[in-house]
Amino acid sequence: MSKHILKIDFNNYFKLACKPTKHLVRSFLLENKFRNFHIKKYDEKKSLNLLKLKKIIKVFKNLRKKSWNDSWRSVYIAFKKNKKVSNLFPIYKDNSKIIRLLGYFVVFKNKHSFEKISELFLYNIFNFFNFFKDCKKILYFGCGTGKNILILKKNYPFMNIVGFDRSPYSGKIISEINKHYKFNIQFKLFDFFSPGKSKLDLSTRSKKKHGVLTIHSLEQTGHKFTKFFNFLKKINPEIVVNIEPELYFYKASNNFDKSMIEFHKKKGYLNGYVNFLKQQEDKNVIEIIMLKRLYVGSESHEPFNLIVYKFI
Ligand SMILES: C[S@@+](CC[C@H](N)C(=O)[O-])C[C@H]1O[C@@H](n2cnc3c(N)ncnc32)[C@H](O)[C@@H]1O
């Protein structure tokens with residue numbers, strides 16, 4: 001984790017998103033201390049062809065449960081031994097040297113560039129929007145290796161954080177993080193598809209001021225997110241912040257989005273969630289606070305969209 005992460009003024013960033021040029025995207029990266037990159041023109045045909053070659057496993061296949069567990073076991077072993085933050089970076093099949101930013105492809109020389117961009121945006125999302133300012137506890141569902149907990153802690157050093165995940169290795173990594181950083185993060189086993197099994201003390205929820213967070217994990221539910229939504233309704237949190245890929249944000253008419261739409265559908269990622277939330281808003285169950293695409297992601301897709309709401 002970088003010692004000093006620069007601040008993004010998202011008001012300026014969203015202005016830039018309206019009419020990004022190669023020059024402005026380059027300036028944005030240089031201002032944020034990124035070096036050794038070049039900006040590539042988007043080749044739609046090549047991207048779609050690449051996608052055909054890739055073996056893509058749908059997220060809700062049972063196989064995925066095992067593969068997450070295997071990945072987090074390797075992370076656990078490496079982090080326990082070396083205690084390096086880079087050990088917490090998941091190894092995805094995506095080329096982590098290539099990112100998508102504001103309608104362009106940026107190719108870096110450094111292999112951890114996606115993680116650096118991810119860190120920059122996540123830190124600034126919490127810092128700029130300060131969604132959890134009225135919360136006493138953050139419930140982070142699908143916390144994975146806990147790498148984002150380090151970013152959360154930078155913004156909210158005294159916040160109680162509970163990590164939830166289906167993989168027990170996630171809990172083992174968090175124990176190591178606790179030992180190493182002298183944190184007191186709790187962990188609970190949790191499944192989005194049967195959330196009621198996770199024992200949460202709901203009786204004191206109104207006093208606790210919970211904030212709910214998911215980062216690239218609700219994506220794994222595809223179109224089966226209603227059980228989780230109903231579970232949240234019972235918790236009645238102050239705020240729900242989902243930082244997720246959602247089909248809703250891509251534009252079918254936009255060439256740059258086409259391969260991402262294909263990829264998203266093939267993966268079976270989150271789909272229909274925003275429209276479902278809009279229906280819930282019409283029924284006065286929730287109030288949607290923010291729906292924003294941040295135009296940043298990996299070679300294959302853009303998982304940084306802000307979906308923020310609260311229960312009424
Ligand atoms: C893409 S990773 C994201 C992890 C972390 N939030 C991050 O951004 O680094 C998805 C996480 O969701 C978890 N997951 C997948 N399916 C789940 C389910 N049904 N219930 C709970 N967690 C699940 C995986 O174990 C994994 O940790």
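**The seven-stranded sheet**

Begin by selecting the seven strands that form an open sheet in this predicted model. Their order across the sheet is β6-β5-β4-β7-β8-β11-β9, and the pairing is mixed. In general, the strands of a sheet pair through backbone hydrogen bonds, either parallel or antiparallel.

Colour the two edge strands next, β6 (residues 186-189) and β9 (residues 286-293). Each has a single partner strand, so one side of each is left without a neighbour in the sheet. Turning the view allows the twist to be followed: neighbouring strands of this sheet are turned by 15° against each other on average, direction ignored.

Now isolate β8 and β11, which run antiparallel and are joined by four bridges. Which residue of β11 stands opposite Val240? Selecting Tyr309 in β11 gives the partner of Val240.

**The loop before β8**

Move to Asn236, which is found in the loop between α9 (residues 226-235) and β8. Its phi is near 55°, a positive value in a residue other than glycine. Is Asn236 buried or exposed? Asn236 has 14 other C-beta atoms within 10 Å and is therefore partly exposed, since that class lies between 12 or fewer neighbours for exposed and 20 or more for buried.

**Helix α5**

Select residues 113-129, which make up helix α5. At 1.5 Å a residue, its 17 residues should span 24 Å, and the C-alpha atoms at its ends are 24 Å apart, which agrees. An α-helix has 3.6 residues a turn, so residues three or four places apart point the same way.

Twelve of the 17 residues of α5 are buried, so the helix is largely enclosed by the rest of the structure. Among these buried residues are Phe114, Ile117, Leu120, Phe121, Leu122 and Phe126; Ser113, Ser118, Glu119 and Asn124 also belong to the buried group.

What covers the buried residues of α5? Display β2 (98-101), β3 (104-108), α6 (147-155), β8 (239-243), β10 (296-298) and β11 (305-311), which are included in the cover. The residue that follows α5 is Asn130, with a positive phi near 45°.

**The four-stranded sheet**

Select the strands of another open sheet, which lie in the order β1-β3-β2-β10 with antiparallel pairing. The edge strands here are β1 (37-40) and β10, each of which pairs on one side only. From one strand to the next, the twist averages 30°.

Add helix α2 to the view: α2 packs on this sheet and touches β1, β2 and β3. The direction of α2 makes about 155° with that of β1.

Look now at the pair β1 and β3, which run antiparallel and are joined by four bridges. Within this pair, Lys40 has Phe105 of β3 as its bridge partner, and Ile39 stands opposite Val106 of β3.

Then turn to β2 and β3, an antiparallel pair also joined by four bridges. Here the bridge partner of Ile99 is Val106 in β3. The strands β2 and β3 form a hairpin with two residues between them. In the turn, select Leu102, whose phi is positive, at about 50°.

**Two lysines in loops**

Select Lys19, placed in the loop between α1 (10-18) and α2 (22-31). With 9 other C-beta atoms within 10 Å, Lys19 is exposed. Where does the chain return to the region of Lys19? Select Gly103, 84 residues apart from Lys19 along the chain: the C-alpha atoms of these two residues are separated by 9.7 Å.

Next, select Lys83, in the loop between α4 (62-82) and β2. Its phi is near 55°, a positive value in a residue other than glycine. Because it has 14 C-beta neighbours inside 10 Å, Lys83 counts as partly exposed.

**The ligand and its surroundings**

Select the ligand and the 19 residues that surround it. The closest of these are Trp68, Gly142, Gly144, Arg166 and Ser217. How do the residues of this shell divide by type? Six are nonpolar, nine polar and four charged.

**The whole protein**

Finally, restore the complete view. The protein contains eleven helices and eleven strands. Of its 312 residues, 36% are buried. Among contacts with a separation of 6 or more, 72% are between residues 24 or more positions apart.

Conventions: Residues numbered from 1 in each chain as written. Predicted model: local features only at pLDDT ≥ 70, side-chain atom pairs only at ≥ 80, totals over all residues. Near = placed C-beta within 6 Å. Nonpolar A, V, L, I, M, F, W, Y, C, P; charged D, E, K, R; others polar. Expected span 1.5 Å × (residues − 1). Contact = placed C-beta atoms within 7 Å. Pairing = 2+ DSSP bridges. Axes fitted to C-alpha atoms, helices over the stretch in contact; angles between N-to-C directions.
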